[in-house]
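User: Please take a close look at one helix of this model, and then set that helix in the context of its chain and of the other chains. I would like the cut-offs behind each term to be stated where the term is used.

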Amino acid sequence: MKKHLVSANDLTKDDAVLVLDTAKELAAISDGLVKKLPTLRGRTVVNLFFEDSTRTRISFEAASKRLSADVINFSAKGSSVSKGESLKDTAQTLQSMGADAVVIRHGSSGAPHLLATRNWINAVVINAGDGTHEHPTQALLDAYTIRKHLRNNTGDLSGLRVAIVGDILHSRVARSNAILLKTLGATPIMVAPPTLLPVGIKDWSGEYSYNLDEVLPEVDAVMMLRVQQERMNDAYFPTAREYARNFGLNIRRQKTMQKHALVLHPGPMNRGMEITAEVADSANSVVIEQVANGVSVRMAVLYLLLGGTNNETGDKN
Amino acid sequence: MKILLKNGSIKGEKVLDILIENDKIIKIGAPNTIKDTEAEIVDLTGLIVLPGLVDLHTHLREPGREDAETISTGSAAAAKGGYTAVHAMANTLPVADTAGVVEQVWNLGKSVGLVDVYPVGAVTIGLLGENLAELSAMADSKARVRIFSDDGNCVSDPVLMRRALEYVKAFNGVIAQHAQEPRLTQNAQMNESTLSGQLGLTGWPAVAEEAIVARDVLLTEHVQSKLHVCHASTAGTVEILRWAKDKKVNVTAEVTPHHLFLSQIHCESYDAKFKVNPPLRRVEDVTELRNALAQGIIDVVATDHAPHPREDKEGEWNSAAFGMTGLETALAVVATAMIDTKLMTWSDVARVMSEKPAEIGQLTEHGRPIAENEIANLCIIDPNTSWKVDAKDTHSLSTNNPFDGMTLKSKVVHTIFRGKFSMKSGQVQK
Amino acid sequence: MSANSRNSARVVLESSDISRALTRIAHEILENNKGSKDLVLLGIPSRGVPLAKRIAQKISEFEKVVIPVGSLDITMYRDDLRLRPPRALAPTEIPEGGIDHKVVILVDDVLFSGRTIRAALDALNVIGRPSMVQVAVLIDRGHRELPIKADYVGKNIPTSLIETVQVTLADFDDASENVTLFGGEG
């Protein structure tokens, strides 16, 4: 594996499967009595959050703590970082604090990439969401959840078709999922009104559609993205009602899906907008499970990037 | 004081000797036909002599942002790059929107004395796009402003643009438009493309430039005025310019060295030294811009030299400033992009980097033929060298040069400004 | 492994030797613990797991009872994690009934420094509290770095530090079964 996890592109198929396999074993241990492993004892993980995201932060925090790492939460909002102090200054501060890994959430696309490539810091950089770019651990936990239900928790996702529905244009979750699903052999299908698809969508790996009803019957999983209310004001779509009518997942639509087809959502959900409460709470919904899987997957990433001596991963024996 | 330049190739053609006395070329002749015992003799064997370069688009930052550049440091960078005249853009603090400010810039340029600094006047007060600045007062000032631009802030209001085009006809002025539809480029970060989608950087569509260029061309034709299109960056803009020139609309256009050389692929690094307005475009656009320059559809190369202090360039892409420095590398970039590729000759380079810019700026002492009795503004180039750009090795106060680390062909060796070396053997003569 | 060390390979146990050794260990376990009551066998991945299954199988045959057998991955408890690239994890499977108040027999292929067993004891510690822990290994090659000893040993093979011991199991490696010593003076 590469030293950092900045983009889903950093993972080869073997890397991705290794993360999922490792997460599976860690989940098995965590499900039992073991809440804490000594693996990262003495290592410092900094959660560097320039944007609020309680869910992602506590998921990484739980993952780090279960591996016995020391966790420092550095919320940059409201601190000197908001204005003036640069990313570089912050990075150098963390370096002098002896951070072994920096989990970074940033509003600007590419900020984790800079941290990983500029020699400001030696630490491993893990992207916890940057601007409208990527969120690779979210894609890993989605892949883990899908694999667990549809591929018996082993191997890759080859042959599966997964619809990603909603604000693709602004979604880092969609970008990372499009890449990782492809890496794992699945076909991502981006579904949104044309205004919420990026200009070059036809050149992305995978497929796209403007029509949710056509796509739903043939997919193995559907991932509903949160739609921000403010998009409406920028004329991306006329009204929330019209959006929900065309792209919201309700019971009627869910009934057109295959029996085994899963419903995922990265959260937090806008119930009534992109997903109805009935669907969110239905038997095929794995939304709650995604949260638990998030901790296992992040533990796996932390172990694989931080547990060993160097950038290579894999048992050479 | 006399200088005898021996064996220089004039615009890459005839090899001649040139004798300069005070600020003028007093004699030109075949090699070794001019004898003058008092003159300092400089051997130019193997070198090319062009008229001193003229930049239509330079940000000197003074007054207001002297941390990024001053007229003194910018002039030195210009001299180093072979320039003998630059046009200082109006987006200073205070804005160059009054006769007072443009005269101050003009005077500062004179007192530095390394290049002629011609101020560009703002079209609207404070570059706010609301009310016309006192264009006529600037035109009549000591600075004799002829080019007006709200550069960076497009004059997007069609009525205001129409009025400005009409108004400057009274003193034969030209409106230099930075073509950028503001609503289509809100928070835009890079060229809108598959790549921008993948990098998660807000797209800057080509149409945001082309829509304004098309509108302005039509307005210019309608009111029979003069338009200059700043830093054309797309194949679509070239297409509109070609159409306008066919229709004999009085429009000229510039392209920057970086748009002739760099494409959007550099944005993949998220290194903000590649963040510029207009943004770096597709490879296809680069190719089209080169062809357009060679064919004369685009008239001139202008640097858009835009110095920024380091802290404005080393952070995250979204919060970094737009712009690149370019005065010291422009000639080499153009030579590498256009001469090395056999698209142009040195005589063409003289046209697009000196003669035509001087004509657009209505300068009488720059971009002139290399002939007896002309003012001696010259740029002397070694066409047979290649060098690696080091952004830190600069006279500019800023180091945001995107060509850092790249290898370029040809280098300016000497610059002669009004009969004196402003730069000699790579050393700026302060 | 270099070509040179391959040249000096020496088979120290054949398949039949391995089988006899495991049979003996099975008998010793029963003898030592006065029967099969409360026994739980945990193999340490990777080759400890099939060995544990074989020993359990033999005990079952002698005693006509089912012996709980599982696996215990110790990767996350290793003390040399930072000296090597991270490795993939292997499954930990604790038999139903757990390990509390049980006699846990840790099974591995080769006992060397003792650090694997140390890590296994840590791993056990967070899973439960056995009444007793014993260690069974196919090969003891010496060179202990910790105060740990095996309760059941298939064969003691004196080695030098530059030698390596390789256990190949038919049901795990899909190759002909033996224990081979590589390297050294040959």
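Analyst: The account below starts from the helix, widens to its chain, and then turns to the other two chains.

This is a predicted model, in which local features need pLDDT of at least 70 and side-chain atom pairs count only at pLDDT 80 or more, while totals for chains, interfaces and linings use all residues. Residues are numbered from 1 along each chain as its sequence is written, chains are lettered from A and ligands numbered from 1 in the order in which they are written, and side-chain values use heavy atoms, with hydrogens and water left out.

The helix in question is α12 of chain A, which covers residues 287-306 and has 20 residues; helices (H or I, at least four residues) and strands (E, at least two) are DSSP runs, numbered from the N terminus. At 1.5 Å a residue the helix should span 28 Å, and its end C-alpha atoms are 28 Å apart, which agrees; the expected span is 1.5 Å times one less than the number of residues. The axis of α12(A) nevertheless bends by about 25° at Asn293(A), where the bend is the angle between axes fitted to the seven residues ending there and the seven starting there. As for its surroundings, 16 of the 20 residues of α12(A) are buried, so the helix is largely enclosed by the rest of the structure; buried means under 20% relative accessible area, exposed over 50%, and partly exposed in between (1.4 Å probe, protein chains only).

Around that helix, chain A contains 12 helices and nine strands, and buried residues make up 60% of its 317 residues. The domain assignment, whose bounds come from an automatic or database source, divides chain A into domain 1 (8-135 + 292-313) and domain 2 (136-288). The contact between these domains takes 33 residues from domain 1 of chain A and 29 residues from domain 2 of chain A, with contact meaning heavy atoms within 4.5 Å, and the centres of the two domains, taken over C-alpha atoms, are separated by 25 Å. Within chain A, 74% of the contacts with a separation of 6 or more come from residues 24 or more positions apart.

The overall dimensions of chain A fit a compact globule, because its radius of gyration of 19 Å agrees with the value near 20 Å that such a globule of 317 residues would have; the radius is taken over C-alpha atoms, and the globule rule is 2.2 Å times the number of residues to the power 0.38. Along its principal axes the C-alpha trace of chain A spans about 55 × 50 × 35 Å. Chain A exposes about 12100 Å², of which carbon and sulfur atoms supply 48%; such areas come from the Shrake-Rupley method with a 1.4 Å probe, and for residues only the protein chains shown count as cover.

A single residue elsewhere in chain A can be set beside α12(A): Glu61(A) lies in helix α2 (residues 54-66) of chain A and counts as buried at 13% relative accessibility. Not counting residues up to four places away in sequence, Glu61(A) touches Asn47(A), Val71(A) and Asn73(A).

Chain B has 11 helices and 19 strands, and its radius of gyration of 21 Å is close to the 22 Å that the globule rule gives for 430 residues, so chain B is as compact as a globular protein of that length. Of those 430 residues, 64% count as buried, and the C-alpha trace spans about 65 × 45 × 45 Å along its principal axes. Helix α10 of chain B (residues 330-339) has 10 of its 10 residues buried, so this helix too is largely enclosed by the rest of the structure; among those buried residues are Val333(B), Thr336(B) and Met338(B).

Two pairs of chains touch, and the pair with the most contacts is chains A and C, whereas chain B and chain C do not touch, their nearest C-alpha atoms being 28 Å apart. In chain C, Lys149(C) sits in the loop between β5 (132-140) and β6 (152-156) and is exposed, with a relative accessible area of 60%. Leaving aside neighbours within four places in sequence, Lys149(C) is in contact with Leu111(C) and Val135(C). Ser176(C), in the loop between α5 (170-173) and β8 (178-182) of chain C, also counts as exposed, at 59% relative accessibility.
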